[in-house]
Amino acid sequence: MASVKGIKLVLKVGNGATPEVFTARCSLNAQRGIKFTADLQDTAEVDCTDPEKVAWLVRDKVSVSGEVNASGTLDKADLAFFFDWVKDKDAKNCEVIVDIAGGYLWEGAWHCSDFEVTGDRGKRCEISINLKSEGEIEGSAVT
């Protein structure tokens, strides 16, 4: 088994320039995750030769979406960045990379749907974000 350390899962956000430059945000230094979900349309398929027989469900995949969650100890420089992103109607291009060399890369546009800052007495402030895909996300092997 070729396992990968959690630190090797990296989220990089594009700056919108041409060519676009992708940078990891310092605050996203703890938990990070990417998840893809397929929406299915269920249809009960009736047995025409025996209509009283219990029907089996058949499923058609109708859409796919992606979601990224990330959190960590807040870097003050990221406060305005994430607050502006959650208010922005436009998505930002991002790269999510697993195991930078010999791993996998997902790239595409993402909306920041949740942005939260929390703090407890005696501890440092924490930040968490949630991103949702905007359109197709491409995946490819990293060589």
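A trainee and a mentor talk through the predicted model shown above.

Trainee: Which ground rules come from the source of this model?
Mentor: Residues are numbered from 1 along each chain as its sequence is written, and side-chain values use heavy atoms, with hydrogens and water left out. The model is predicted, and local features need pLDDT of at least 70, side-chain atom pairs count only at pLDDT 80 or more, while totals for chains, interfaces and linings use all residues.

Trainee: Good to know! In what order do the seven strands of the open sheet lie?
Mentor: Strands here are DSSP runs of E with at least two residues, helices are runs of H or I with at least four, and both are numbered from the N terminus. Two strands pair if DSSP finds at least two bridges between them. The pairing is antiparallel, and the order is β2-β1-β5-β6-β7-β4-β3.

Trainee: Which are the edge strands?
Mentor: An edge strand pairs on one side only. That description fits β2 (22-24) and β3 (32-45).

Trainee: By how many degrees are neighbouring strands of this sheet turned against each other on average?
Mentor: Axes are lines fitted to C-alpha atoms, for helices over the stretch in contact, and angles run from 0 to 180 degrees between N-to-C directions. For this average, direction is ignored. The turn comes to 35 degrees.

Trainee: Which helix packs on the sheet?
Mentor: Contact means heavy atoms within 4.5 Å. The helix touches β1 (9-14), β5 (92-98), β6 (104-118) and β7, and its direction makes about 100 degrees with that of β6. Spanning residues 78-87, this is α1.

Trainee: How many bridges join β3 to β4?
Mentor: These two strands run antiparallel, and one pairing sets Thr37 against Ser65 in β4. On its other pairing, β4 (residues 56-73) is joined to β7 (residues 126-141) by seven bridges, with Val68 partnered by Leu131. For β3 and β4 the number is 14.

Trainee: Which residue of β7 stands opposite Ala109?
Mentor: β6 and β7 run antiparallel and are joined by 13 bridges. The residue opposite Ala109 is Glu134.

Trainee: In the hairpin of β5 and β6, which residue takes a positive phi?
Mentor: The two strands pair in the antiparallel sense over seven bridges, with Lys92 opposite Trp110 in β6. Five residues lie between the strands. The one with phi near 55 degrees is Asp99.

Trainee: Which element supplies the largest share of the largest nonpolar core?
Mentor: Such a core is a set of buried Ala, Val, Leu, Ile, Met, Phe, Trp, Tyr and Cys residues joined through side-chain atoms within 4.5 Å. Among its 18 residues, Leu11, Trp85, Cys94, Trp110, Ile129 and Leu131 touch the most other members. At least two residues come from each of β1, β4, α1, β5, β6 and β7, and the largest share, four residues, is from β7.

Trainee: Why does Ser71 count as buried?
Mentor: Buried means under 20% relative accessible area, exposed over 50%, and partly exposed in between (1.4 Å probe, protein chains only). Ser71 sits in β4, and beyond four places in sequence it contacts Ser27, Leu28, Asn29, Ala30, Gln31, Ile127 and Ser128. Ser71 is buried because its relative accessible area is 14%.

Trainee: Is Val58 buried or partly exposed?
Mentor: Val58 also lies in β4, and leaving out residues up to four places away in sequence, Val58 touches Gln41, Asp42, Thr43 and Glu45. Its relative accessibility is 28%, so Val58 counts as partly exposed.

Trainee: What volume does the largest cavity have?
Mentor: On a 1 Å grid over the protein atoms alone, a cavity is a set of points where a 1.4 Å probe fits but cannot get out, and lining residues have an atom within 4 Å of a point. Grid points are joined across faces, edges and corners, and a volume is the space filled by probe spheres set on the points. The lining includes Leu9, Arg32 and Val68, and β1, β3 and β4 each supply at least two of its residues. The volume is about 30 Å³.

Trainee: Last one: which peptide bond is cis?
Mentor: Look at the loop between β1 and β2, where Pro19 is found. With omega near -5 degrees, the cis bond runs from Thr18 to Pro19.

Note on methods
On a 1 Å grid over the protein atoms alone, a cavity is a set of points where a 1.4 Å probe fits but cannot get out, and a pocket is an open set with protein on both sides within 12 Å along at least five of seven lines; lining residues have an atom within 4 Å of a point.
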